[in-house]
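User: I am beginning to study protein structure and would appreciate a close look at one chain of this model. Please describe how it is built and then turn to the contact with its partner.

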Amino acid sequence: MSSSATMPQPVSFGRRVKRFMADRPLVPLIILLILLVVILQILRPGIVNERWIANTIKFAIPLAILAGCQTMTMLTGGIDLSVGTVATMSAFIMATQIVSQDPVVAFLLAMMPAVLIGLINGIGVGVFRVHPLIMTLGTSLIGTGCLQVYQRTVIASGAKIPDFLNWLGTGLTYGFPNALLLFVPLAVLIVFTLRRTGFGRLLYAVGDNERAARLSGVRYWQVITALYVISSLLAGITGLLYIGLIKAPSLSLAEPLVLPSVAAAVIGGTSIFGGRGGYTGTIIGALILTVLTTLLTILQMPEGARRILFGLIVLFVTAAYLRIVEER
Amino acid sequence: MTRFFRNQGWVAGLFALFLALFVLTKLIQPGYGSGDFGSLVRAVLPYAFAVAAQTVVVIAGGIDLSVAAMMALTSVTAASMMNGASEEYALFVVPFVLAMGLVLGALNGILIVVTRVPDIVVTLATLFVLQGAALLVLGAPGGAAAEWLKASIVGTLPIPGLPDSIDAWVPKALVLLVVCLCIIWIPLRRSKLGLSIYAIGSSELAAFRSGVPVARTRIIAYALSGLFAAMGGLALTMSTGIGAPIPGPYLLASVAAVVLGGVALGGGKGGLLGPIVAVFVLRLVRTDLTLLAIDPNVTAIIEGAIMVAVVMFGAFITIRGRPAGAMP
């Protein structure tokens, strides 16, 4: 502003707060998260205790990993809607194959469809340049069909949840969910990859200005293919974690997480057009959505009203967040 | 003439594909006749309106994830209003529901314009809201439809002067579909508004600089989408006689048919005819697979594979057709 340059007047408090928040986009998100928890505590005094926190974290982790897939693909201007199907497939295959196979073999079998779908997605988007939305919707349709056919063949053998996944998904150690053992290294790895490695820079570069990235020698299709395979692998791992948490293999296990995972990434400040955002915001976005779901459940509203509120709040938070961050 | 073929080539190809599939159907099932065609059109009806709703928005450079939820809401509203009411009351219900679709669609557009949140996120949020509203209107499938409404899509329309053998191939549902789409689309296409919709889809900046009211045009595009979706919802109630609050598979189908129909997902290209023919093709493929007694689950795989393959092929042709180096 030119007026503040000529007249060194003290900037108003509201402005300073706004500028502070715009510089640190995580702060308003954390404030919102704390606010939600406080509201929860007021509505139901005593609910916020160690067990509740552990439970919330347990349910937020699968969402956060899937939202990580969305974050990375959204950075390149894409989206991965096949994560739900991939997670369901690997969970279902793990639960049915563990009955007769060695755990390692079952794990490899469970990861196979994830790699395959990721590869098809990557080639479709990177080489044939199909719109990611269509490509991933299409592969998720194919995946669901395959899973239904597969289900017929294993219907007699039954399913069981491996003890290890059970321990990882639901277990607590000193009050901390065991799932953190998987999530913390994973999250650190994603954040590190995005911020400090060449691959991360390539993702931002491709999303920010694909043409410029291409002209400066980036092999677009290789980056995109690698990205979608990684995204699918993460989704597959999420499936294994989620089955340990939910304990009931079904054909629509992780499907309800897909749209919230997009919402978590968007709330976390990742631009759906690519080139801007990061994973730390997404993690907090996933936590916010999980706490919000608890809050809406506790209010004991009918299912319909809960969905309406969920939609409105996602929209409101995103709009408010964009207002704060973009006012520079 | 060559220009006509270049512009309409994709649609002509689709139409040829439809005819080829039709011949194939005749070969598989020699008894496939006008009655089966009538039921095909009835099955297509809600899909066709969903596709029309998606097409308008995609041409304007957006996307509408709330189409299926909008159809569910309008369908349950119509069904619960007509439940136990007189036949004449339905005369009031139909325009009311259509107006509701128009207003809710416009609301989508207003939210996108005012909040400046990406359209995909806004319509994702309204998807939840509309779904919730549908559940509030009707907790479980139920309601009723007026008899004359149900009768209006069953049977054929007798046209004076046509022999019965040809007349049998003109089901009422097809007439209804063509009339509803033409009444809105043809005047729109020829008006300044239609041109504006194409313009903002093609290049928003160029449209803005040429004096196109971008915000207003976008809102109108979404309002039209809501109107088409409401027609789809009514078609659902008309063909089933009830309303179901859980959205059907119309979102995915609509996006697939739009892309198959030659409408670029970036906006500004294509028309309404292509997607409508595409949705007929997709349904006929399903009929053929059913006639061949293929496992319905395998059908889902084949459908997904066709969708992905066609989209990849289309994208490949577009790349080949572009002068070298002129990447988007």
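Analyst: Two residues are said to be in contact if their C-beta atoms, placed from the backbone, lie within 7 Å. With that meaning in mind, one may examine chain B of this predicted model. Among the contacts in chain B between residues at least 6 apart in sequence, 78% join residues at least 24 apart.

The secondary structure of chain B consists of 14 helices and zero strands. Following the sequence from start to end, the pattern is therefore written α-α-α-α-α-α-α-α-α-α-α-α-α-α. The radius of gyration of chain B is 20 Å, close to the 20 Å that the globule rule gives for 328 residues, so chain B is as compact as a globular protein of that length. Along the principal axes, its C-alpha atoms fill a box of roughly 55 × 45 × 45 Å. Of the 328 residues in chain B, 49% are buried.

The interior can be considered next. The largest nonpolar core has 208 residues, and those that touch the most other members are A:Ala91, B:Ala48, B:Phe49, B:Ala50, B:Ala134 and B:Val279. Helix α2 of chain B, residues 34-59, gives the most to this core, with 16 residues. B:Ala50 deserves a closer look. Apart from its neighbours within four places in sequence, B:Ala50 is in contact with B:Val67, B:Ala68, B:Met71, B:Ala229, B:Gly232, B:Tyr250, B:Ala253 and B:Ser254.

A database record adds to this picture. An unreviewed UniProt entry carries the annotation "transmembrane region" for residues 49-77, 89-114, 120-138, 169-188, 219-242, 272-294 and 300-319 of chain B. Two of these spans may be described in the model. Residues 169-188 of chain B are 85% helix and 0% strand, with end C-alpha atoms 29 Å apart. For residues 272-294 of chain B, the figures are 83% helix and 0% strand, and the end C-alpha atoms lie 32 Å apart.

Finally, there is the contact with chain A. It takes 39 residues from chain B and 40 residues from chain A. On the side of chain A that touches chain B, the elements giving two or more residues are α7 (132-154), α11 (210-215), α13 (258-267) and α15 (303-326) of chain A. The most is given by α15(A), with 14 residues. By residue type, this side of chain A divides into 24 nonpolar, ten polar and six charged residues.

Methods. Residues are numbered from 1 along each chain as its sequence is written. Chains are lettered from A and ligands numbered from 1 in the order in which they are written. This is a predicted model: local features need pLDDT of at least 70, side-chain atom pairs count only at pLDDT 80 or more; totals for chains, interfaces and linings use all residues. Helices (H or I, at least four residues) and strands (E, at least two) are DSSP runs, numbered from the N terminus. Ala, Val, Leu, Ile, Met, Phe, Trp, Tyr, Cys and Pro count as nonpolar, Asp, Glu, Lys and Arg as charged, and the others, Gly among them, as polar. The radius of gyration is taken over C-alpha atoms; the globule rule is 2.2 Å times the number of residues to the power 0.38. A residue is buried if 20 or more other C-beta atoms lie within 10 Å of its own, exposed if 12 or fewer, and partly exposed in between; C-beta atoms are placed from the backbone. A nonpolar core is a set of buried Ala, Val, Leu, Ile, Met, Phe, Trp, Tyr and Cys residues joined through C-beta atoms within 7 Å. UniProt positions are given in the numbering used here, feature names are shortened, and annotations may be inferred rather than shown by experiment.
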